[in-house]
Amino acid sequence: MKLKHYIAAVGLAATFVACNDDFMERYPLDVPTDETFWTSESDLKLFLNKLYPTWLQGHGSGWSDSKYLYPLPVTGSPLAYGDVYSDNAVRTGNEYTELGEANKIPTGSGSDSNGWSWGDLRNVNYFLTHYTLADLPAETLAQYAGEAYFFKAWEYYRKVLFFGDVPWLTRELNTDSEELQMARTPRAEVMDSVLMCINRAVEGLPEKGSEESGRLNKDMANFLKARICLFEGTYRKYHKDLGLDPTKFLQECETACEALLGKYSLYTGDGATSYYKMFTVKGPNAYSSNPEIILGRTYIENEYGNAFQRYYDQNNSNRQSMGATRGLIEEYLCEDGRPIYIGGTEGSYEVNPLFKGYGMWKELDNRDPRLTQTVCRPGEYVTIWGNGEVNPDNGIQYPTISYNTSGSTVTGYRFIKHWMGDQEEIDAVTNGTQAAVEFRYGELLLIYAEVEYELNGTLTQDQVDKTINALRERAGFDFDKYPTARLIVGQEPADPRLDKIYSEKLDYTVSPLLREIRRERRIELAMENHRYEDLMRWKAGNLFTVPLRGMQFTEEMQALYDGSHTDRKNGGAAATAVIGKDVFIDDEGFIICYPKSPYKQTVNGVLPWHDYRYLWPIPAEEIRLNPNLEQNPGWIEADADK
């Protein structure tokens, strides 16, 4: 079992926790006894095994209802639910306080809840200051140091995403450590150190195929390097106020991508539904025949499981009731590779002949095949689920549409990506073994396309064919039937709707080719927890202010939801949604998200945005304890105004 099956890290870590409790009691991870511990390769493995689940979170564990994305307030599987803190999805009830700009500077000290937590990093630094005590060959030591550097790079990359400048720590701290009074290390220095760490991981980790089953390898480190360097390179390019040159990081990203290109391939084993099927597998060997997975997390029955599928199936409110936004739906192309509007201006757009308009889910027809493998059309998937099977004979269950009802989609667009339709998995409760994709080749292709554009200002046609067009072909676009579905450099389709949004919301110009690169990323990676980071690095936070809307609640839709209609076998609950009670609509009849917002800054489903929110605040108590720390710009003033 290779690490792409979530490494025996899940298996090893599970065994470690379950079978070595006596070790944990005698020698806690953060304070092992140096005289007796660092004596063998097994000791190094044992220490590192505990670190894997911290960063490779998958769908969580146990009830899968924890918060994993601090300081983001999202609950549950970070992969499936992370996009709720973006413009891709909305949740039932009110928006997060942070989205409504009712967020405050945390008054306590650092903790997991506000992201200013250093315990996990302390464990990594402890390892890096002690692992050479083991009398092992240099190559062996470099391999395990590579694992620790992999985790350190990942941790600091996330901290810089949220806080910008952060203290760079090279050793574990104690109550009297002088670093407790250090100032924040400048971002440029931190990210140079992150690059050093991930390069050491690349150098030290073994090649794919030569690693011990269930451990990190060089490919995984190169993938993380590509992701980190794309983040930093583009963040510097678009946040010009930093005054930092993006070139080095973009070049390092390119190098990491080139080390992986051609070593993997897109998964096509399930034909037209390959995209959907890739996210709906389970068991320790879930990815054994998938050539796209570079790193995935798998779970072991009766040893280490999750309840993600059980509650995702039920769309239970405390594990997230959510729906897709109209903004996400509108970004999907039609089958011919052109947008829903192909010319004209707002109010008089020229409509793509393939686009059927809105209402009764007809806007999902004739679109990019990934749309109906991400958002559920009534009559498919969970809407005809019952008695342990997906069967039209069960009749259609229409999605609940209510802004404040448990299990509601809110928008009428129910996500289906990650849904399995597996009664055994549902009944397993916390012992479910649904696997989770952490790193995949599809993302790598998108990283490569973007970094080549950012470095060179364009792409070659060969690069487009190997990346964007390869993803479209896997998705099911028919290039023979619709030649325009194949993206051609210099012949990008017109998209007056999206171009208008970009021109109004961003302070820089997005070329047609860059628009298509970003579109492809949003579509291919929807509901995989990338959108928030993308908005931050592109300096596109103002896209949060695009009105959040759901379906157009047409007269035909209102009749369907009048409480008298059901297509469910043996009856079943009728779909009900009353305007002014369950749903609220704008002047065009589209459902308003967060219609009863308690935050004065949110008006009719339009969220506020101010640029100070590109970074999160440092807890006030941390600054009181260490006056050398400085709060992120804007937060003192913002806090005082609320």
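**Charge distribution, fold and local features of the predicted chain**

In the protein chain, the mean position of the 66 positive charges and that of the 95 negative charges lie 2 Å apart. The model from which this value was computed is a predicted one. The protein chain exposes about 23800 Å², of which carbon and sulfur atoms supply 46%.

As regards overall form, the C-alpha atoms of the protein chain fill a box of roughly 75 × 55 × 50 Å when the box is taken along the principal axes. The radius of gyration of the protein chain is 25 Å, which agrees with the value near 26 Å that a compact globule of 642 residues would have. Of these 642 residues, 61% count as buried. The secondary structure of the protein chain comprises 24 helices and 12 strands. Among the contacts in the protein chain with a separation of 6 or more, 73% are accounted for by residues 24 or more positions apart.

The cysteines were examined next. A disulfide is a covalent bond between the sulfur atoms of two cysteines. With a cut-off of 2.5 Å between cysteine sulfur atoms, the count of disulfides comes to zero. Cys197 is in no disulfide, the nearest cysteine sulfur being that of Cys229 at 12 Å. For Cys229, the closest cysteine sulfur is that of Cys253, and the 6.2 Å between them is too far for a bond, because a disulfide requires the sulfur atoms to be within 2.5 Å. Cys197 counts as buried because its relative accessibility is 0%, and Cys229 likewise counts as buried, with a relative accessibility of 0%.

Backbone geometry was then considered. Most residues other than glycine have a negative phi, and most peptide bonds are trans. The peptide bond from Tyr70 to Pro71, however, is cis, with omega near 5 degrees, and Pro71 lies in the loop between α5 (52-55) and α6 (78-81). A positive phi, near 55 degrees, is found at Asn387, a residue other than glycine, which is placed in the loop between β7 (385-386) and β8 (389-390). Val410, which is not a glycine either, has a positive phi of about 70 degrees and lies in the loop between β8 and β9 (414-415). The surroundings of these two residues may be set side by side: Asn387 counts as exposed, at 72% relative accessibility, whereas Val410 is buried, with a relative accessible area of 3%.

Helix α18 (residues 468-475) is largely enclosed by the rest of the structure, because six of its eight residues are buried. The buried residues of α18 are Ile468, Asn469, Leu471, Arg472, Arg474 and Ala475. The elements that cover these buried residues include the helices α12 (274-277), α16 (441-456), α17 (461-466) and α20 (512-524), together with the strand β10 (436-440). After α18 comes Gly476, whose phi is positive and near 120 degrees.

Three further positions, in a helix, a loop and another helix, illustrate how sequence separation and spatial separation compare. Asn222 lies in helix α10 (residues 218-238) and, at 8% relative accessibility, counts as buried. When residues up to four places away in sequence are not counted, Asn222 touches Val202, Ala256, Ala259 and Leu260. The C-alpha atom of Asn222 is separated by 26 Å from that of Leu72, a residue 150 positions away along the chain.

Ile300 is found in the loop between β2 (293-297) and α13 (308-314). With a relative accessible area of 19%, Ile300 counts as buried, because the cut-off for this class is under 20%. Between the C-alpha atoms of Ile300 and Val74, which are 226 residues apart along the chain, the separation is 25 Å. Arg624, in helix α23 (residues 620-625), counts as exposed at 56% relative accessibility, because the cut-off for exposed residues is over 50%. Arg624 and Phe439 are 185 residues apart in sequence, and their C-alpha atoms are 39 Å apart in space.

Note on methods:
Residues numbered from 1 in each chain as written. Predicted model: local features only at pLDDT ≥ 70, side-chain atom pairs only at ≥ 80, totals over all residues. Heavy atoms only, no water. Helix = DSSP H or I, 4+ residues; strand = E, 2+ residues; numbered from the N terminus. Rg over C-alpha atoms; globule rule 2.2 N^0.38 Å. Buried < 20%, exposed > 50% of the residue type's maximum accessible area, 1.4 Å probe, protein only. Contact = heavy atoms within 4.5 Å. Areas by Shrake-Rupley, 256 points an atom, 1.4 Å probe, with all protein chains shown as cover. Lys, Arg positive; Asp, Glu negative; His and termini not counted. Charge placed at Lys NZ, Arg CZ, Asp CG, Glu CD.
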